[in-house]
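Here is a short report for a reader meeting this structure for the first time. Keep the model in view while reading.

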Amino acid sequence: MRIGPFDLDSPVVLAPMAGVTNVAFRTLCREQERERMGSVAGLYVCEMVTARALVERNEKTLHMTTFAPDENPRSLQLYTTDPEYTYKAAKMIVDENLADHIDMNFGCPVPKVTRRGGGSALPYKRRLFANIVAAAVKATEGTDVPVTVKFRIGIDDEHHTHLDAGRIAAEEGAAAVALHARTASQRYSGTADWSEISRLVEHMDGRVPVLGNGDIFKATDARAMMEQTGCDGVVVGRGCLGRPWLFAELSAELRGLSIPAEPTFGEVARIILRHGELLAQHDGEHKACLDLRKHMTWYLRGFPAGGDLRRQLAQTSTLSELHEILTPLFSATDLAEDADGARGRQGSPGKVVLPEGWLDDPEDATVPDGAEIMHSGG
């Protein structure tokens, strides 16, 4: 798959996930792919940062844009609602060589985002959406930094926006588009509707690559999505939680190679420890151990990990404690049961919270009030 100047050996993209896809997790995924497949073939995207916060050089935001020395291409996702800050942020990325690829987030369904007109609410405002994409493309003009756009089917079943969003993004110069095949009202519940990916592929008619996102939990899911929808690649989010080796399996499946064996409990214990070490390099030991706690349930899923072990791992505060707890597991040969099922947040569908009068005029290009300020800081 080709995105701008980048030829990817594997049409697989790690979806940006807040608090998850930092440099430590991306490095771990890449290490697992290299160890199991001999090379890194996919694209790994940094967790979302806010355009205004980046322009204002917010300390937390700048820290989130950290990339590993051997990370190539460096892929950064922007959250934005304002063409002005979009242009300034994209220009800053280019001028200061902060990243090699810019992805734009119009898929977040979280109420605190949509109530201010951001995320998956924004593509309903067609002119504003076009102005934002155009601003990013203008800022990267004459460079090798491609701009891609990710969005959902729409706000709800009565307000689909993905076909217009795909067309507009391509017209404004986006190098590729990605569709999470759920509406904002679904959030992460239910089943992704892959038929809407098919509709988008047909609608785009080859103008730019179309990537599909939603319910890819194992290698064969990616193959099925591409065969059923005709999409050019896949974006993987929750399926890799606690399974950073999934990208090696996806790469193998989509390249027609043998899928690597699932790791044993002992191998996973070593991966957990490596994750902690990488987090400590990025954020310091104390914060790393706190951050790692949310990953434990995902890592231990399907393994014979009793309550005592889970409690110990949930209470570690140093890497030495983590090492002491995990070392006895290194020789364990158990394989996880139901290792490739749905994981991560799911929740329930709900009414999308929007700014007052948001649905009145889809051609209104007014920048929503307060959306950029709210997210300043990353």
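The report below goes from the overall fold to the cores, the cavities, a pocket and two buried residues.

## Overall build

This is a predicted model. The protein has 15 helices and 13 strands. Its C-alpha atoms fill a box of roughly 60 × 45 × 40 Å along the principal axes.

How does the radius of gyration fit a compact globule? For 378 residues, such a globule would have a value near 21 Å. The protein has 20 Å, which agrees. Of the 378 residues, 59% count as buried. Contacts often span long stretches of sequence: among those between residues at least 6 apart, 75% join residues at least 24 apart.

## The nonpolar cores

Nonpolar side chains tend to be buried together in soluble globular proteins. Here, the largest nonpolar core holds 70 residues. Which of them touch the most other members? They are L78, F106, F129, F247 and L250. Helix α6, residues 126-139, gives the most to this core, with eight residues. A second, separate core has 27 residues. V268, I272, A305 and L313 are among them.

F106 shows how such a core residue is surrounded. Leaving out residues up to four places away in sequence, F106 touches T80, G119, S120, L122, P123, F129, I132, V133, V149, K150, F151 and R152. That list includes F129, another of the residues in the largest core that touch the most other members.

## Cavities inside

How many cavities of 30 Å³ or more does the protein have? The count comes to three. The largest has a volume of about 130 Å³.

The largest cavity is lined by 16 residues. V13, D103, T148, A178 and V235 lie nearest its centre. Four strands each supply at least two lining residues: β3 (12-14), β7 (101-106), β8 (147-152) and β11 (176-180). By class, the lining has twelve nonpolar, two polar and two charged residues.

## The second largest pocket

This pocket has a volume of about 160 Å³. Its lining is made of L28, E31, Q32, E35, R36, A261, E262, P263, E267, R270, I271 and R274. Two elements give two or more residues to the lining, α1 (23-37) and α11 (265-283). Helix α1 gives the most, with five.

Which classes make up the lining of the second largest pocket? Seven residues are charged, four are nonpolar and one is polar.

## Two buried residues

V12 is found in strand β3, one of the strands that line the largest cavity. Is V12 buried or exposed? V12 is buried, because its relative accessible area is 2%, and buried means under 20%. Beyond its neighbours within four places in sequence, V12 is in contact with G42, L43, V234, V236, F247, L250 and L254. F247 and L250 in that list are also among the residues of the largest core that touch the most other members. V12 and F303 are 291 residues apart in sequence. Their C-alpha atoms are 27 Å apart in space.

T114 lies in helix α5, residues 111-114. T114 is also buried, with a relative accessible area of 0%. Its contacts, not counting residues up to four places away in sequence, are C108, P109, S120, A121, V352, V353, L354 and P355. S120 appears there and also in the contacts of F106.

Methods: Residues numbered from 1 in each chain as written. Predicted model: local features only at pLDDT ≥ 70, side-chain atom pairs only at ≥ 80, totals over all residues. Heavy atoms only, no water. 1 Å grid on protein atoms, 1.4 Å probe; cavity = no way out; pocket = protein on both sides within 12 Å on 5 of 7 lines; lining within 4 Å. Points joined across faces, edges and corners; volume = space filled by probe spheres on them. Nonpolar A, V, L, I, M, F, W, Y, C, P; charged D, E, K, R; others polar. Core = buried A, V, L, I, M, F, W, Y, C linked by side-chain atoms within 4.5 Å. Buried < 20%, exposed > 50% of the residue type's maximum accessible area, 1.4 Å probe, protein only. Contact = heavy atoms within 4.5 Å. Rg over C-alpha atoms; globule rule 2.2 N^0.38 Å.
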